[in-house]
Amino acid sequence: MSSTLSVINSQYHRSFDINDYKPLEKGTFSLEFDREKQTGRKFSDSTKLRYLVKSSERPNFDLREGYPDRYIKMDRSMKEGLSHMLEWILKENYVLQPGTFVGRRGYLTKILTTPYETNEGWLLAVSLFNGTYYFREMETEAARRFKETRNARLEEMAYWGYKFEHYMCADEPNGKPNTKGVVNSNEGYYTVVESKINEHTLLFSGEVDCKNETPLYQTAPSYYVELKTNAKLVNQNKNYQFRRYKLLKWWAQSFLAGVPLIVAGFRTEDGIVKETKPYKTSEIPALAAADSRSWKPTMCMEFINAFLSFIKSEVTQDDPGVVYLFSWEPKDDVSYTVHRDPKYTFLHDWYVEGMTKRARV
């Protein structure tokens with residue numbers, strides 16, 4: 001019987017100094033959509049980097065504008081996995097230190113917020129190859145059902161987030177937003193970040209919404225900005241829900257990649273942004289702490305540190321064909337199963353071959 005890891009947050013009250021976490025950008029890449037082939041093309045440059053535009057604090061942005069006529073929706077049936085990240089490692093000839101964890105920021109965000117998650121479980125596949133731990137998220141049954149039953153309202157609201165970015169960003173420094181352009185959710189600009197959590201080294205990619213041209217921010221990732229939308233906070237309960245749940249996820253996502261600023265657009269129920277507000281990532285935990293029932297960043301960091309240690313203790317077979325599937329549901333412990341079935345493997349043959357050849361040189 002395999003070991004388990006407890007998620008009871010009372011076990012993670014030690015004082016983790018979040019100021020010791022200092023992510024460094026190691027590279028970038030852009031994804032651009034090929035309209036003729038209906039496929040994505042990848043460039044190791046800043047082709048898709050956009051720039052923050054100063055906006056009125058009292059705007060009147062219609063997030064419904066252009067939907068669905070000027071919307072190229074992401075094909076959610078296509079599983080990207082780690083493909084782009086693995087391509088970047090090979091192309092850049094990046095040297096992976098022994099014991100490094102390689103994945104995507106979205107996966108880490110779910111792990112980081114686990115001690116306070118009450119609704120959604122997760123599945124994380126891990127393979128050990130040449131001394132490196134690769135991980136990717138697998139779809140849970142609940143997530144699959146939600147995707148299949150997603151209604152028209154939720155589909156349109158997904159567009160609203162992308163549309164907000166079009167109001168807030170320009171394609172060039174000091175440029176103007178193109179609010180009448182096509183909204184393409186298949187394109188994006190990504191940072192590749194290396195960081196350490198205690199003795200654990202991580203290398204992961206994360207999409208970046210835009211760059212802040214303010215002279216105060218000179219280097220990556222300090223000049224990146226995350227853009228978010230949220231319903232207007234119309235009462236005390238909405239404020240509590242926002243601080244307890246939404247700010248936790250916003251903080252975790254930006255903190256992991258070292259993004260210092262989040263700009264939020266607060267919208268009406270029919271998708272009109274009436275207010276924008278900046279949040280410094282470093283100040284978000286203090287906002288949450290105003291409520292005694294809220295979350296603590298140190299507990300999140302203690303848990304992810306424990307989880308990474310758990311992976312290292314349990315994932316022992318160095319073989320890309322062996323997958324350790326870690327699973328968690330709210331109120332349960334983290335457990336895992338081991339699989340050798342090809343349907344679980346996620347490291348592409350071209351990557352395994354490329355890294356094997358490189359190791360021989």
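Analyst: A residue counts as buried when its relative accessible area is under 20%. Keep that cut-off in mind as we look around this structure, which is a predicted model.

User: Okay, let me try it on a cysteine. Is Cys-169 buried or exposed?

Analyst: Cys-169 has a relative accessible area of 4%, so it is buried. Cys-300 gives 0%, so that one is buried too.

User: And what about disulfides? How many does a search of the whole structure find?

Analyst: General idea to begin with: a disulfide is a covalent bond between the sulfur atoms of two cysteines. Here, the search turns up zero of them.

User: Why does Cys-169 have no such bond to Cys-210?

Analyst: Check the distance between sulfurs. A pair has to be within 2.5 Å to count as a disulfide. Cys-210 holds the closest cysteine sulfur to that of Cys-169, but the two are 4.0 Å apart, which is too far for a bond.

User: Now a helix, please. Which residues of H1 are buried?

Analyst: The general idea helps again: an α-helix has 3.6 residues a turn, so residues three or four places apart point the same way. In this structure, helix H1 runs over residues 83-91, and its buried residues are Ser-83, His-84, Met-85, Leu-86, Trp-88 and Ile-89. After H1 comes Asn-93, with a positive phi near 50°.

User: Where does Asn-212 lie?

Analyst: You'll find Asn-212 in a loop, with strand E13 (210-211) on one side and strand E14 (224-231) on the other. Its relative accessibility is 9%, so Asn-212 counts as buried even though it sits in a loop. Leaving out residues up to four places away in sequence, Asn-212 touches Leu-52, Tyr-217, Tyr-223, Val-225 and Leu-261.

User: Let's zoom out. How many helices and strands are there?

Analyst: The protein has eight helices and 18 strands. Of its 361 residues, 49% count as buried.

User: How do I read the radius of gyration?

Analyst: Compare it with what a compact globule would give. For 361 residues that is near 21 Å, and the protein has 21 Å, so the two agree. Its C-alpha atoms fill a box of roughly 55 × 50 × 45 Å along the principal axes.

User: What do the contacts say about residues far apart in sequence?

Analyst: Take contacts between residues at least 6 apart in sequence: 72% of these join residues at least 24 apart.

User: Last one: what does the surface look like, and how far apart are the mean positions of the charges?

Analyst: The accessible surface comes to about 18200 Å², and carbon and sulfur atoms account for 48% of it. As for charges, there are 51 positive and 48 negative ones, with mean positions 3 Å apart.

Key: Residues are numbered from 1 along each chain as its sequence is written. This is a predicted model: local features need pLDDT of at least 70, side-chain atom pairs count only at pLDDT 80 or more; totals for chains, interfaces and linings use all residues. Side-chain values use heavy atoms; hydrogens and water are left out. Helices (H or I, at least four residues) and strands (E, at least two) are DSSP runs, numbered from the N terminus. Buried means under 20% relative accessible area, exposed over 50%, partly exposed in between (1.4 Å probe, protein chains only). Contact means heavy atoms within 4.5 Å. The radius of gyration is taken over C-alpha atoms; the globule rule is 2.2 Å times the number of residues to the power 0.38. Accessible areas come from the Shrake-Rupley method with a 1.4 Å probe; for residues, only the protein chains shown count as cover. Lys and Arg count as positive and Asp and Glu as negative; His and the chain ends are not counted. The place of a charge is taken as NZ of Lys, CZ of Arg, CG of Asp or CD of Glu.
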